[in-house]
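The following exercises concern a single protein chain. Each task is followed by a solution that proceeds step by step.

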Amino acid sequence: MFIRITTALAFVALAAVGALGVIAQDALSPEEAVAMRQDLMKSNGAVLQGGAMDKTGDEAIAAAQTLVDNFTQLPDLFPAGSTMEGSRALPVIWENWEEFTALIDTAKGGAEAALAGAQAGDVDAYKAGLQTVMGQCGACHEQFRAS
């Protein structure tokens, strides 16, 4: 019961942050965008490196939902000109915007597939969705992030 309450509270917190982000996206300074996307990437890393493959039930649903929410917000956190100190985003992002956002869209699709699998109790579908996400993360970082 405690896990369900904690998970529910986490969803409420994520929804509130997401709603604020969507409302404030147009007003984001490049510095704010960089900070927000770095936090989002840390969140993705925490989910993916935090044993997501081994989660089941409500924990798997929460992990996948976090990824769906994060990938939904991600393109808006890359406004043109948001390459300053502390950011590893390469200028090629804006030169190849369609390719960049296609990788994000595929990752989001993987997260949605993981969510659907988790909700259905289909462990194989959940894991396959996460594998898609991880592959897209790697491909994006390889092309669009400075080491």
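Helices (H or I, at least four residues) and strands (E, at least two) are DSSP runs, numbered from the N terminus. The model is predicted, so local features need pLDDT of at least 70 and side-chain atom pairs count only at pLDDT 80 or more, while totals for chains, interfaces and linings use all residues. Residues are numbered from 1 along each chain as its sequence is written, and side-chain values use heavy atoms, with hydrogens and water left out.

**Exercise 1. Describe the surroundings of Thr101 and state whether Thr101 is buried or exposed.**

Step 1. Thr101 belongs to helix α5, which covers residues 97-120.

Step 2. The classes are as follows: buried means under 20% relative accessible area, exposed over 50%, and partly exposed in between (1.4 Å probe, protein chains only). Thr101 has 14% relative accessibility and therefore counts as buried.

Step 3. A polar contact is a pair of N or O atoms within 3.5 Å; within protein, one must be able to donate a hydrogen and the other to accept it, and residues adjacent in sequence count only if both atoms are side-chain atoms. A polar atom of the Thr101 side chain lies 3.3 Å from the backbone oxygen of Glu98.

Step 4. Ala102 is also found in helix α5. Ala102 is partly exposed, because its relative accessible area is 37%. Its C-alpha atom is separated by 9.6 Å from that of Gln136, although the two residues are 34 apart along the chain.

**Exercise 2. Determine how many helices and strands the chain has, and characterise the chain as a whole.**

Step 1. There are six helices and zero strands, in the order α-α-α-α-α-α along the sequence.

Step 2. Of the 147 residues in the chain, 35% are buried.

Step 3. Contact means heavy atoms within 4.5 Å. When contacts between residues at least 6 apart in sequence are considered, 74% join residues at least 24 apart.

**Exercise 3. Examine helix α2: which of its residues are buried, and how are they arranged?**

Step 1. The expected span of a helix is 1.5 Å times one less than its number of residues. Helix α2 (residues 30-49) has 20 residues and should span 28 Å; the end C-alpha atoms are 28 Å apart, so the two values agree.

Step 2. The buried residues of α2 are Ala33, Val34, Arg37, Leu40, Asn44, Val47 and Leu48. Viewed down the axis of α2, they fall within an arc of 150 degrees and therefore line one face of the helix. The arc is that of the directions from the helix axis to the C-beta atoms.

Step 3. A general rule is relevant here: an α-helix has 3.6 residues a turn, so residues three or four places apart point the same way.

Step 4. The face turned away from the buried side of α2 carries the exposed residues Glu31, Asp39, Lys42, Ala46 and Gln49. The cover over the buried residues of α2 includes α3 (57-73) and α6 (123-144).

Step 5. Just after α2, Gly51 adopts a positive phi of about 85 degrees.

**Exercise 4. Identify which residues touch the most other members of the largest nonpolar core.**

Step 1. A nonpolar core is a set of buried Ala, Val, Leu, Ile, Met, Phe, Trp, Tyr and Cys residues joined through side-chain atoms within 4.5 Å.

Step 2. The largest such core has 32 residues, of which Leu67, Phe71, Phe100, Tyr126, Leu130 and Val133 touch the most other members. Helices α2, α3, α5 and α6 each supply at least two residues of this core. Its largest share, eight residues, comes from α5.

Step 3. Leaving aside residues up to four places away in sequence, Phe71 touches Asn44, Ile104, Ala107, Lys108, Val133 and Cys137.

**Exercise 5. Trace the contacts of Tyr126 and the packing of its helix.**

Step 1. Tyr126 lies in helix α6 and counts as buried because its relative accessibility is 2%.

Step 2. Beyond residues up to four places away in sequence, Tyr126 touches several residues, including Met53, Ala64 and Ala114. A polar atom of the Tyr126 side chain lies 2.8 Å from the backbone oxygen of Ala52.

Step 3. The buried residues of α6 are Tyr126, Gly129, Leu130, Val133, Gln136, Cys137, Cys140 and Phe144. These fall within an arc of 125 degrees seen down the axis of α6, so they line one face of the helix.

Step 4. The buried residues of α6 pack against α2, α3, α4 (92-95) and α5. Asp124 and Glu142 are exposed on the face turned away from the buried side of α6.

Step 5. At the N-terminal end of α6, Asp122 acts as a cap, with a side-chain oxygen 3.2 Å from the backbone nitrogen of Asp124.
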